[in-house]
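This report describes one strand of a protein chain and its place in the fold. The sequence and the structure come next.

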Amino acid sequence: MSALSPAVSRPVPLGRLTVVELRKLADTRAGLWLLIVIVLATAGTSVLQLGWADESEQSFPAFFLFGQVPSAVLLPVLGILSVTSEWSQRTVLGTFTLVPARGRVLGAKVVAGVLISVAATALAAILAAVATVIAGPLGGAASWRLEPSLIGQSLLLQAVFVLMGIGFGTLLLSTPLAIVVFFALPTVWSVLGSVVKSLSTASEWLDLNFTSQALTNPDMTGGEWSRLAVSATVWVVIPLVAGVVRVLRQEVS
Amino acid sequence: MIEVEHLTKRYGRHLAVDDVSFTCEPGTVTGFLGPNGAGKSTTMRMICGLATPTSGTATVSGVEYRRLGNPGRQIGVLLDASAQHAGRTGRETLALAAVTMGLDTARVPERLRQVGLEGAAARRRVRAYSLGMRQRLGLAYAMIGDPAVLILDEPANGLDPEGIHWMRGLLRGFADRGGTVLLSSHLLREVEVVADRLVMIGGGRVLMQGDKAQLLGAAGTLVRAADPVALDALLDRMGVTGSRCADGGVLVPAGPQSIGQAAAESGVVLLELRAAGSGGLEEMFLRLTAKSELEEVSR
């Protein structure tokens, strides 16, 4: 038996895998256009506010918070695609032959997802700053005061939904199915929670659409944090863990 | 070096791979032959850690595939040339593999040139590639980490005759430099030129394996007589059962010497008498696989 060189026996570092996963997000037409649309839509939110919002609303925090909406909606789709496209395009065959430690590949996808949400938050902040500068001469409030707690909370908001996308993608391993379920299931649950009386308490704790809204208000309370934690466990952690188990066991062909 | 020992894979009641064992030595090309559905791909997927064997083991360079941290630098794998993202360019596909393995992407253009995908073809998206171009890209993908072992599933699919010739040269050169190649096909003719060893499987089991020269020699003798009825009677008297080939000859599991002798003694006029070689091997292969498929059906 020949001794294998360290280049072969040592696992591929997570950092390198993350670089590969980030690159995969943008190197196909679908991924690239999704990113372009997010940038344009984020810029679009500032334009909308500059044109039509009340002057008192034309402040940095308002631009910043509204600017988060496009990425909060669309980045999860990128998260879904980063997993499901490997199966629909069957690239998983190459991915897992190059990195047999499947958990590391999924880990890199999660890290890439978090990094892209940080980038989206930063982009929203930069575009909000530009909009605030423009708003001044146009008669807007142009206030720069942002509650510091909102920065971390905004980051979390982005990351939670991207990870939920990755979780649904990993669990379902099908692009159309994951996208439909990702958008439809929480909405159906929200509607049920508001209509059916007996579900209203459960919905307060388990409706991520509802509990995550607290992230857009400064200084969340302990109760809000616990409700967010419980609903995120149900909608993000459980699908992600179940999905990882599925992928680790699955036969790739 | 690839070592496969008693590899078995069961899906429910169906035994896809049944106690398969073989070894691929450095410096050789092993042709892995069998009809579609014989279990070739399943065996290869188990070697590469993509499917878990029901029992048995497979190692590459002495190590179980899944325990290799960065296998691309040791083993090049091409299991399905169509399993590439249609929206990625050929160049990007190779670049991703290089980055994953920790290699400089500067080698990518050179590797694309080696497989004939330079210039515009490299910048095109895989969607626009023909199957032959995908096979070429797949070979470049498998070889970009300068591996010592290659595992290729039906790499000749979709290649034109010139492409097949080119690939044979590539694999022969790779083995002559000390590499190990495992190459599957459902066509004997496709691999017999380049292979040193053959492993034939059908219905999930190894039907026959050995050195190519040895197998070709063991394939029997081709006999053709002016009077086929007289030849049949002669073979009957000798106690050997021949099998009729498409061209009217008879493939006999005996040496040319004994048949020629018997024919001369009984006055049967022979038109042809020679070692059957690859034609005989193919007959034998078809017969073996047909039999194993029949068993499969009757089970």
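B:Leu33 of strand β3 has B:Met200 of β8(B) as its bridge partner. Strands here are DSSP runs of E with at least two residues, helices are runs of H or I with at least four, and both are numbered from the N terminus. The model is predicted: local features need pLDDT of at least 70 and side-chain atom pairs count only at pLDDT 80 or more, while totals for chains, interfaces and linings use all residues. Residues are numbered from 1 along each chain as its sequence is written, and chains are lettered from A and ligands numbered from 1 in the order in which they are written.

Strand β3(B) pairs with two strands, where pairing requires that DSSP finds at least two bridges.

| Partner of β3(B) | Residues | Bridges | Direction | Bridge partners |
|---|---|---|---|---|
| β7(B) | 180–185 | five | parallel | B:Thr30 and B:Leu182 |
| β8(B) | 197–202 | four | parallel | B:Leu33 and B:Met200 |

Five of the five residues of β3(B), residues 29–33, are buried, so the strand is largely enclosed by the rest of the structure. A residue is buried if 20 or more other C-beta atoms, placed from the backbone, lie within 10 Å of its own. One side of the strand carries B:Val29, B:Gly31 and B:Leu33, the other B:Thr30 and B:Phe32, and both faces are covered.

Chain B as a whole has eleven helices and 13 strands. Its C-alpha trace spans about 75 × 45 × 35 Å along the principal axes. Of its 299 residues, 48% count as buried.

Note on methods
A residue is buried if 20 or more other C-beta atoms lie within 10 Å of its own, exposed if 12 or fewer, and partly exposed in between; C-beta atoms are placed from the backbone.
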